[in-house]
Amino acid sequence: MADYIKEIRGLIGNRPLILVGSTIIVMNEKKEILFQRRSDTKEWGLPGGAMEMGESLEQTAERELFEETGLKAKEILNISQHLKIENALKSKHCENCT
């Protein structure tokens, strides 16, 4: 955990805190996805974590991948840039969205 997050936690205790973070999907040539077993909860999940000051989402994903697995990504694709948000807002499931 970054020092500034520890500092904020020291000020607010265990109250809810919204943080920005990244998760990275690692896929091999066979289209298999890498999962890791968390050491704290023993649950399976994707590598990722909280953004540190001055990082982009892509940098956060790269750092977290290396910290948690020792792997370095060949390519980072930010899927949020490829989603068509306008179409989602105009869908029948979002009639009251602005």
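The exercises below, each with a worked solution, concern a predicted model of a protein.

**Exercise 1. Determine which elements have the lowest and the highest mean pLDDT, and set them beside the average for the protein.**

Begin with the protein as a whole, for which the average pLDDT is 84, with 81% of the residues scoring at least 70. Next, turn to the elements: helix α3 (residues 85-89) has the lowest mean, 55, while strand β3 (residues 44-45) has the highest, 95. Finally, apply the general caution that predicted coordinates should not be read in detail where pLDDT is low.

**Exercise 2. Describe helix α2 by its span, its buried residues, what covers them, and what follows the helix.**

Take the span first: α2 runs over residues 57-69, which is 13 residues, and its first and last C-alpha atoms are 18 Å apart, close to the 18 Å expected at 1.5 Å a residue. Then list the residues of α2 that are buried, namely T60, A61, R63, E64 and L65. The cover over these buried residues includes strands β1 (21-23) and β4 (48-50). Last, look just beyond the helix, where G70 follows α2 with a positive phi, near 80°.

**Exercise 3. Explain why S22 counts as buried, and identify what its side chain reaches.**

Locate the residue first: S22 belongs to strand β1. S22 counts as buried because its relative accessibility is 11%, and the cut-off for buried is under 20%. Now follow the side chain of S22, which reaches the backbone oxygen of L57 at 2.8 Å. To complete the surroundings, set aside neighbours within four places in sequence; the contacts of S22 are then P47, G48, G49, L57, T60 and A61.

**Exercise 4. Place Q36 in its strand, explain why it is classed as buried, and find the residue whose side chain it joins in a polar contact.**

The strand is β2 (residues 36-37), in which Q36 has its place. Q36 is classed as buried because its relative accessible area is 16%, again to be held against the cut-off of under 20%. The side chain of Q36 is joined to that of E68 by a polar contact of 2.5 Å. Not counting residues up to four places away in sequence, Q36 touches E43, W44, G45, L46, P47, E68 and T69.

**Exercise 5. Count the aromatic pairs, and say over which ring the charged end of K72 sits.**

For the pairs, rings are tested for centres within 6.5 Å, and the count comes to zero aromatic pairs. For the charge, the charged end of K72 sits over the ring of F66, at 5.6 Å from the ring centre.

Methods
Residues are numbered from 1 along each chain as its sequence is written. Side-chain values use heavy atoms; hydrogens and water are left out. Rings of Phe, Tyr and Trp (its six-membered ring) pair if their centres lie within 6.5 Å; planes under 30 degrees apart count as stacked, over 60 as edge-to-face and the rest as tilted. A charge sits over a ring if NZ of Lys or CZ of Arg is within 6 Å of the ring centre and within 35 degrees of the ring normal. Helices (H or I, at least four residues) and strands (E, at least two) are DSSP runs, numbered from the N terminus. The expected span of a helix is 1.5 Å times one less than its number of residues. Buried means under 20% relative accessible area, exposed over 50%, partly exposed in between (1.4 Å probe, protein chains only). Contact means heavy atoms within 4.5 Å. A polar contact is a pair of N or O atoms within 3.5 Å; within protein, one must be able to donate a hydrogen and the other to accept it, and residues adjacent in sequence count only if both atoms are side-chain atoms. pLDDT is the predictor's confidence in each residue, from 0 to 100.
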